[in-house]
Amino acid sequence: MQMDADVEASSEIDEILQQIAELDKWREIFNSRGSELPQGYLKRPSEKIKSEEDSEDSSRPATSAHHVSAQNEQFTAPYSIPQTLTVSLSLGGQPLSPELAVSLRNILFGNTFHVFNYEWKKSFFKFREPFSEMAYALETERLGGACTIQMVVQGHIIKYLLFDQSVNSCTMRSMVTVGENEQRKALAAALSDILWTAGEEQTATVCLVTSERCFTPHMDYKLDNFTERLQIFTFKEKEDVRSFIWEHIQCFKEEGSHGIILFLYSLIFSRTIDKIRADFDCTTTHLLHLSLGNFVCRQALLNLLLTGHATPQVFNGTSLNDEQHKALHGVLTRSHVGYLLWNREQFNHAQLPLVGSMLKTPRLPIWVCNINGTYSVLFSPNRSLLSDWKMEHLFQLYFYNGYPTQLSTTMLTIDTHSHHWEAEHNDIQEYPEKKFPSVEMTIRTKWEGAVIDWNGTVPFF
């Protein structure tokens, strides 16, 4: 037991050192570039940067009431939620308790001294231009865990626009004739769908923020001036959840709202922390892990978003760990939105996990794709694609990678019936992944041997 504790402590120290090193690297880059920051980034005054580093990116816990008070005063505009995006205490929510805040921090990070960094805090659900070819699309972060959440929500937005409305709208036209009001409805439907599934279709929880702190943190809990202001609202009817989110949709889709974090908190409380821990197996103890200075989603969190259960594996059912002789928890139910995985490096080292049929063949033809560690979405407006095998001979899939540089949805024609995709490439049959785009390799994890036509688009990704 002592050895396990030492290993865990060593792992936490390594994560902290790695995070500090990454922050130092970015600080040097910003200092050296001065005003030459990337487009879309605002240069902040040096004194604000210092206070934010002290209060946000340090891993040291608060040590006194005076320190907590001083720390609270240092939170300024870049991390503050606008007053218009907070709710009144009279709205009737349950204030977050200090004990629940500690449990929330632990289930996310595995400790109470990590907090979300700037990349997470600035993330929200932002749509592309209404009534445009990309009106259905969310603009996602390029890297980090927020992108994972945004792209799963994107899949559910597509589900709503194509398959959930009363009028039969299963055409691409329904994706582009979307105004701002319809975007709000689609986002409210997508968020409530995911939360309701996590609550086993019996309950759902929504977290919003007030202007006042609900509690004073313990000394071993690092203040973030955000979580301490949560109000928790619980619902027993799905329509009530959707209506409530619709009424407060600005708290998730406006700049400065911390909308991605709010939704993540809502997801965790909808599933409940105890059930999430029961979903885990011996491979997973928390939902986020540190990678290159940013917190990214573990598979358990992705599965929680897709299926409502925080199981850490992608195969069907359960399996026995050969080394530890403990059960590994996979996917137990078929979800509405599926999952495909391709990673060139893992494939080259024979380490690519095999995704089970529960995720590969969802209820609807929509897939979140993890392609070399970045997230995108594939979908078809043909509801019968996965229920009629004849439809899978020749069909179209649409691809969106979440980047604002993608100005139109890419249409791919998939042919699974005519000839083998490698027939004309005998010289590279041994290493096909070196020749073909990763998007194609991802699709072939579902439709082996498919020939893929990009219809005039220059292959990318």
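# A tour by selection: hairpin, sheets and helix contacts

Begin with residues 288-297: strand E6 and strand E7 (residues 294-297) run antiparallel and are joined by four bridges. Two strands count as paired if DSSP finds at least two bridges between them. Helices (H or I, at least four residues) and strands (E, at least two) are DSSP runs, numbered from the N terminus. The model is predicted: local features need pLDDT of at least 70, side-chain atom pairs count only at pLDDT 80 or more, and totals for chains, interfaces and linings use all residues. Residues are numbered from 1 along each chain as its sequence is written, and side-chain values use heavy atoms, with hydrogens and water left out.

**The E6-E7 hairpin**

Stay on this hairpin and select Leu288, which stands opposite Cys297 in E7. Two residues lie between the strands, and Leu292 takes a positive phi near 55° in this hairpin. Now colour E6 (residues 288-291) by accessibility. Its covered face holds Leu288 and Leu290, while His289 and Ser291 are on the uncovered one. Buried means under 20% relative accessible area, exposed over 50%, and partly exposed in between (1.4 Å probe, protein chains only). In a regular strand the side chains alternate between the two faces of the sheet.

**The six-stranded sheet**

Next, select E10 to E15. These six strands form an open sheet in the order E10-E11-E12-E13-E14-E15, with mixed pairing. Strand E10 (338-342) and strand E15 (451-453) are at the edges with a single partner strand each, so one side of each has no neighbour in the sheet. From one strand to the next the twist averages 30°. Axes, here and below, are lines fitted to C-alpha atoms, for helices over the stretch in contact, and angles run from 0 to 180 degrees between N-to-C directions.

Move to E10 and E11, which run parallel and are joined by five bridges. The bridge partner of Trp342 in E11 is Ile371.

Which residues of E11 are buried on each side? Ile366, Val368 and Asn370 are on one side and Trp367, Cys369 and Ile371 on the other, and all are buried. In total, six of the six residues of E11 are buried. Cys369 counts as buried because its relative accessibility is 0%.

For comparison, select Cys282, which counts as partly exposed because its relative accessibility is 33%. A disulfide is a pair of cysteine sulfur atoms within 2.5 Å, and by this rule the count is zero.

Return to the sheet and step from E11 to E12: six bridges join these strands, which run antiparallel. Trp367 stands opposite Leu378 in E12. The hairpin of E11 and E12 has two residues between the strands, and Asn372 takes a positive phi near 55° there.

Continue to strand E12 (residues 374-379) and strand E13 (residues 394-400), an antiparallel pair with three bridges. Leu378 stands opposite Phe399 in E13. Add helix H6 (residues 145-164), which packs on the sheet and touches strand E11 (366-371), E12 and E13; its direction makes about 10° with that of E12. Contact means heavy atoms within 4.5 Å.

Then add helix H13 (residues 299-307). This helix lies across E10, E11 and E12 and runs at about 150° to E10.

**The three-stranded sheet**

Select E1, E5 and E4, an open sheet of three strands in the order E1-E5-E4 with antiparallel pairing. Strand E1 (94-95) and strand E4 (204-209) are the edge strands, each pairing on one side only. Two bridges join E1 to strand E5 (residues 230-235) in the antiparallel sense. Gln231 in E5 is the bridge partner of Pro95. Show H11 as well: this helix lies across E4 and E5, running at about 145° to E4.

**The H4-H11 contact**

Keep helix H11 (residues 259-271) and add helix H4 (residues 98-109). What are the angle and the axis distance of this pair? The two pack at an angle of about 100°, with their axes 11 Å apart. H4 is therefore roughly perpendicular to H11, a term for angles of 65 to 115 degrees. Show side chains: Leu100, Leu104, Ile107 and Leu108 in H4 meet Leu264, Tyr265, Ile268 and Phe269 in H11.

**The whole protein**

Finally, select everything. The protein has 16 helices and 15 strands. Of its 461 residues, 52% count as buried. Among contacts between residues at least 6 apart in sequence, 68% join residues at least 24 apart.

Notes. Angles under 35 degrees count as roughly parallel, over 145 as roughly antiparallel, 65 to 115 as roughly perpendicular and the rest as oblique.
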